[in-house]
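Please work through the exercises below with the sequence and the model open beside you. Each task is followed by a solution that goes step by step.

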Amino acid sequence: MNKSNKSRYIFLDFEFNTAKKIQEIVSVGVVESDLNFNITSKYYSLIALSMTTTMDKYASNVNNITDSMLINARDFKTVFIELNNKLKLNPTDKIFTWGNDDKRTFDCCIKHHKLENE
(Lines give C-alpha, C1' and ligand atoms only; values in the text may rest on other atoms or scores of the structure.)
Protein backbone atom coordinates (compact mmCIF):
# COMPACT_ATOMS: atom_id res chain seq x y z
CA MET A 1 0.00 0.00 0.00
CA ASN A 2 1.05 3.56 -0.66
CA LYS A 3 3.07 5.04 2.19
CA SER A 4 3.48 8.55 0.76
CA ASN A 5 1.91 11.66 2.25
CA LYS A 6 -0.41 12.15 -0.73
CA SER A 7 -4.14 11.98 -0.13
CA ARG A 8 -5.86 8.74 -1.10
CA TYR A 9 -9.23 7.09 -1.17
CA ILE A 10 -9.42 3.92 0.90
CA PHE A 11 -12.37 1.58 0.25
CA LEU A 12 -12.94 -1.00 3.01
CA ASP A 13 -15.27 -3.96 2.88
CA PHE A 14 -15.78 -6.31 5.80
CA GLU A 15 -17.71 -9.57 5.81
CA PHE A 16 -19.25 -10.66 9.09
CA ASN A 17 -20.31 -13.73 10.96
CA THR A 18 -23.49 -13.09 12.92
CA ALA A 19 -23.68 -16.24 15.02
CA LYS A 20 -25.32 -15.98 18.45
CA LYS A 21 -26.18 -12.29 17.89
CA ILE A 22 -22.47 -11.42 17.85
CA GLN A 23 -21.18 -9.68 14.75
CA GLU A 24 -17.57 -10.68 14.05
CA ILE A 25 -15.36 -9.71 11.10
CA VAL A 26 -14.34 -12.78 9.07
CA SER A 27 -12.77 -11.05 6.07
CA VAL A 28 -11.47 -7.67 5.03
CA GLY A 29 -10.97 -6.29 1.56
CA VAL A 30 -9.29 -2.96 0.81
CA VAL A 31 -8.86 -1.06 -2.42
CA GLU A 32 -6.65 2.01 -2.38
CA SER A 33 -6.81 4.64 -5.13
CA ASP A 34 -5.41 8.04 -5.88
CA LEU A 35 -7.75 11.03 -6.04
CA ASN A 36 -8.48 10.24 -9.71
CA PHE A 37 -9.73 6.77 -8.71
CA ASN A 38 -6.73 5.00 -10.25
CA ILE A 39 -6.30 1.84 -8.18
CA THR A 40 -2.88 1.80 -6.54
CA SER A 41 -3.21 -1.36 -4.42
CA LYS A 42 -5.54 -4.09 -3.18
CA TYR A 43 -5.58 -6.20 -0.04
CA TYR A 44 -7.73 -9.14 1.07
CA SER A 45 -7.58 -11.50 4.02
CA LEU A 46 -9.80 -14.02 5.71
CA ILE A 47 -9.89 -13.74 9.51
CA ALA A 48 -10.21 -16.69 11.88
CA LEU A 49 -13.21 -16.89 14.19
CA SER A 50 -12.48 -15.96 17.81
CA MET A 51 -15.69 -14.49 19.20
CA THR A 52 -17.77 -17.42 17.91
CA THR A 53 -16.95 -21.01 17.02
CA THR A 54 -18.83 -21.56 13.74
CA MET A 55 -20.21 -19.53 10.90
CA ASP A 56 -23.90 -18.74 11.05
CA LYS A 57 -25.63 -20.53 8.17
CA TYR A 58 -27.28 -17.36 6.86
CA ALA A 59 -24.05 -15.32 7.08
CA SER A 60 -22.14 -18.10 5.34
CA ASN A 61 -24.67 -18.18 2.49
CA VAL A 62 -24.62 -14.39 2.09
CA ASN A 63 -20.85 -13.88 2.07
CA ASN A 64 -19.77 -17.30 0.72
CA ILE A 65 -17.34 -17.84 3.60
CA THR A 66 -17.45 -21.25 5.27
CA ASP A 67 -15.98 -22.72 8.44
CA SER A 68 -13.55 -24.76 6.36
CA MET A 69 -12.25 -21.61 4.67
CA LEU A 70 -11.46 -20.09 8.07
CA ILE A 71 -9.55 -23.06 9.50
CA ASN A 72 -6.17 -21.73 8.30
CA ALA A 73 -7.11 -18.04 8.42
CA ARG A 74 -4.99 -15.65 10.44
CA ASP A 75 -6.28 -14.09 13.66
CA PHE A 76 -7.85 -10.63 13.76
CA LYS A 77 -4.90 -9.01 15.56
CA THR A 78 -2.37 -10.23 12.98
CA VAL A 79 -4.51 -9.02 10.07
CA PHE A 80 -5.29 -5.70 11.76
CA ILE A 81 -1.63 -4.93 12.49
CA GLU A 82 -0.60 -5.95 8.96
CA LEU A 83 -3.29 -3.75 7.42
CA ASN A 84 -2.48 -0.87 9.74
CA ASN A 85 1.22 -1.09 8.77
CA LYS A 86 0.40 -1.28 5.06
CA LEU A 87 -2.03 1.63 5.03
CA LYS A 88 -0.18 4.10 7.26
CA LEU A 89 -3.13 6.47 7.00
CA ASN A 90 -2.64 10.17 6.39
CA PRO A 91 -4.95 12.76 7.99
CA THR A 92 -6.16 13.72 4.50
CA ASP A 93 -7.06 10.17 3.39
CA LYS A 94 -10.75 9.52 2.83
CA ILE A 95 -12.09 6.16 4.00
CA PHE A 96 -15.28 4.65 2.58
CA THR A 97 -17.11 1.49 3.62
CA TRP A 98 -19.83 -0.53 1.92
CA GLY A 99 -22.17 -0.87 4.86
CA ASN A 100 -23.56 0.93 7.87
CA ASP A 101 -22.31 -1.69 10.34
CA ASP A 102 -18.67 -1.73 9.24
CA LYS A 103 -17.32 0.92 11.64
CA ARG A 104 -19.42 -0.24 14.59
CA THR A 105 -18.38 -3.89 14.13
CA PHE A 106 -14.76 -2.91 13.51
CA ASP A 107 -14.72 -0.89 16.75
CA CYS A 108 -16.31 -3.85 18.59
CA CYS A 109 -13.62 -6.24 17.28
CA ILE A 110 -10.86 -3.76 18.17
CA LYS A 111 -12.20 -3.60 21.72
CA HIS A 112 -12.66 -7.38 21.97
CA HIS A 113 -9.05 -7.96 20.89
CA LYS A 114 -7.74 -5.12 23.10
CA LEU A 115 -6.22 -3.20 20.21
CA GLU A 116 -7.48 0.29 21.08
CA ASN A 117 -3.90 1.61 21.39
CA GLU A 118 -2.85 0.25 18.03
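The exercises move from the whole chain to its strands, a helix, the cysteines and one serine.

The model is predicted, so local features need pLDDT of at least 70 and side-chain atom pairs count only at pLDDT 80 or more, while totals for chains, interfaces and linings use all residues. Residues are numbered from 1 along each chain as its sequence is written, and side-chain values use heavy atoms, with hydrogens and water left out.

**Exercise 1. The whole chain**

Task: Establish the order of helices and strands along the chain, and judge how compact the chain is.

Solution: Begin with the inventory, which is four helices and four strands, where helices (H or I, at least four residues) and strands (E, at least two) are DSSP runs numbered from the N terminus. Read along the sequence, these elements give the pattern β-β-β-α-α-α-β-α. The radius of gyration, taken over C-alpha atoms, is 15 Å, close to the 13 Å that the globule rule (2.2 Å times the number of residues to the power 0.38) gives for 118 residues, so the chain is as compact as a globular protein of that length. Finally, residues 24 or more positions apart account for 64% of the contacts (heavy atoms within 4.5 Å) with a separation of 6 or more.

**Exercise 2. The partners of strand E1**

Task: Determine which strands pair with E1, and in which sense each pair runs.

Solution: Two strands are said to pair if DSSP finds at least two bridges between them. Strand E1 (residues 9-17) is joined to strand E2 (residues 24-33) by nine bridges, and the two run antiparallel; within this pairing, Asp13 has Gly29 of E2 as its bridge partner. E1 and E2 form a hairpin with six residues between them, and in the turn Lys20 has a positive phi of about 55 degrees. With strand E4 (residues 94-97), E1 pairs in the parallel sense over four bridges, and there Phe11 stands opposite Phe96. E1 is mostly covered, since seven of its nine residues are buried (under 20% relative accessible area, with exposed meaning over 50% and partly exposed in between, for a 1.4 Å probe and protein chains only).

**Exercise 3. The two sides of helix H4**

Task: Find the buried residues of H4, and explain why they lie on the same side.

Solution: In helix H4 (residues 102-112), the buried residues are Asp102, Thr105, Cys109 and Ile110. They cover an arc of only 140 degrees around the axis (taken from the directions from the helix axis to the C-beta atoms), which puts them on the same side of H4. In general, an α-helix has 3.6 residues a turn, so residues three or four places apart point the same way. The buried residues of H4 pack against E1, E2, helix H3 (76-87) and E4, whereas the face turned away from them carries the exposed residues Lys103 and Lys111.

**Exercise 4. The cysteines and a serine**

Task: Decide whether Cys109 is buried or exposed, and list the contacts of Ser33 beyond its sequence neighbours.

Solution: A search of the whole structure finds zero disulfides (pairs of cysteine sulfur atoms within 2.5 Å). The sulfur of Cys109 is 6.6 Å from the closest cysteine sulfur, in Cys108, too far for a bond. Cys109 is buried, with a relative accessible area of 1%, while Cys108 is partly exposed at 40%. Ser33, found in strand E2, counts as buried at 2% relative accessibility. Leaving aside neighbours within four places in sequence, Ser33 is in contact with Arg8, Tyr9, Phe11, Asn38, Ile39 and Thr40.
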